[in-house]
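Here are my notes for you on this one. Have a look at the model first, then read through the points.

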Number of protein chains: 2
Amino acid sequence: MGAEGHADGTVGKALDVLDMVAGFGRPVRFSDILAQADYPKATLYRLLQTLTHQGMLTLDPETGSYALGVRLVRLAHAAWAQSSLAPIARPYLDELARETGETIHLAQMDLGQVLYVDKRNAAKPVEMFAQAGKVGPAYCTGVGKAMLAYLPPEALEAALARQSFHRFTPHTLASREALLAELEAIRKRGHAWDAEEHETGIICCAVPIRSRAGRVMGALSVTSTTARTTLDALGAQAPMIKDIAAKIAAEAESWRFPEQV
Amino acid sequence: MGAEGHADGTVGKALDVLDMVAGFGRPVRFSDILAQADYPKATLYRLLQTLTHQGMLTLDPETGSYALGVRLVRLAHAAWAQSSLAPIARPYLDELARETGETIHLAQMDLGQVLYVDKRNAAKPVEMFAQAGKVGPAYCTGVGKAMLAYLPPEALEAALARQSFHRFTPHTLASREALLAELEAIRKRGHAWDAEEHETGIICCAVPIRSRAGRVMGALSVTSTTARTTLDALGAQAPMIKDIAAKIAAEAESWRFPEQV
DNA sequence: AGACTTAGTTTCGAATAGTGAAACCAAACG
DNA sequence: CGTTTGGTTTCACTATTCGAAACTAAGTCT
């Protein structure tokens, strides 16, 4: 029915609105949202009221503008702590950052997009969640390709359908075919490159984090610049990165079973 | 109708379930949730299905257990980045941590409870979100009392109604009257103490962060131990803490107006 | 001041979406 | 092989939600 995303039920609509408010990145007034959403005035009004009443949004009575509520932050804490990967990977990321002196990314797949879950920055020791939580494209980032390469066919298909294939740089793989060929190469090689495909001057080496059963749980990458190093030099570190990815995977898996309370 | 919390509409119920899953702090199976929630089987099932379909939950097909979804992490990132206080306060917290060498907390009020939004730890430079996002009681923490003291009457009443007044230590103010008297003292003094009221050996000095109009936006605290310092010594730093709180408030406020896009 | 937008809130009958007891299916158990 | 446990589906009933339209409260303009 709806032109876009099939928001099922009231809950879907409410979450849709929530995303919308989040998308603005600043407090928004009723009419701002009304313009963007194609829900009728009264409906939107009720939706906003419900969300506010539930603490997912807050309405500043002075300016009459909505912002994301604290309940989300609370939920988020749980989500992050629970997301099998992030808390477990923490010490390993620290280690990897220390060893390499480069920027480290930990990412997961989210509907064809890359969601950065944690990050270590060469300069600023532990800078997380100010950057982590962001989303990026899958087809032109190291972590994205590393995950795509090991996705089961149906999931890959679903993910591919959501790629924009925008050409960010001259090196961007801007077609489905080019990407598929690259994914094949990644599987052969065992790790993915980002050869300035997303941003000029930025290169990285990424490996998937996979469960023993082969399920892709996330990806880990070491990022640097062409000014500082080369792909080959980064590649020399691939075995170490893979090793750490394996450790994270192992620990993440062994976490599930002893949950008998 | 419902014995407990008045969850209005389907959205309320869905969010309720979400909280529930978050509360477990680990992947949970259908029946775990069913036991906890008092929704009928079929209803809960549909709710979970919707949430999963929406990406707020993920269902691990292997173990058949639900966990919080990535969409939540994405939303949370936005919530944190947008929560007028947290991102602005970042550099100030760093500064305060450097100056005092103690643990710093930034908190907001969430339905009568204290929600820790950011944290600096004396030992580990920047440890956030692993601790931040947690909630704690308001009546027996420094930040909690600092905020309560400056809440408008109705909000204070609502918050008080939600305090458990559990006696954590011999110093806990375990009654409404004792707390009200203390709040009065805090207003006189301009800052709040935590004199081992929540945990033995832990003391802190907290100040509210208030808008020019007087609205309580959050609170800031410096925490230490009785082994290392005394309340009086902490009190000597109160002016500096207040100063920083004022700076954060000012910057947070000046953020709203230039939003004309 | 009076007329005319603009922004947000409320109403109310019709339509839809949510409800939940009960039936059902599939494993695991004894 | 009958039974329990854990999860999914059905379906008639009804409470919720829908959304056009009416309404209120500020601004603006002339």
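1. A quick term to start: a residue is near a strand if one of its heavy atoms lies within 4 Å of it. Of the atoms of DNA strand C within 4 Å of the protein, 66% are sugar or phosphate atoms, and the rest belong to bases.

2. Keep in mind that this is a predicted model, where local features need pLDDT of at least 70 and side-chain atom pairs count only at pLDDT 80 or more, while totals for chains, interfaces and linings use all residues. Residues are numbered from 1 along each chain as written, chains are lettered from A and ligands numbered from 1 in written order, and side-chain values use heavy atoms, leaving out hydrogens and water.

3. Which residues come nearest to DNA strand C? Out of 14 around it, they are Ser31(A), Lys41(A), Tyr45(A), Lys13(B) and Arg46(B).

4. Now for some atom pairs. Lys41(A) has a polar side-chain atom 2.6 Å from a base oxygen of DNA strand C. For Lys13(B), a polar side-chain atom sits 2.9 Å from a phosphate oxygen of the strand. Both fit the polar contact cut-off (a pair of N or O atoms within 3.5 Å; within protein, one must be able to donate a hydrogen and the other to accept it, and residues adjacent in sequence count only if both atoms are side-chain atoms).

5. Finally, chain A by itself: 52% of its 261 residues count as buried (under 20% relative accessible area, 1.4 Å probe, protein chains only; exposed is over 50%, partly exposed in between). Chain A has 10 helices and 9 strands, which are DSSP runs (H or I, at least four residues, for helices; E, at least two, for strands) numbered from the N terminus.
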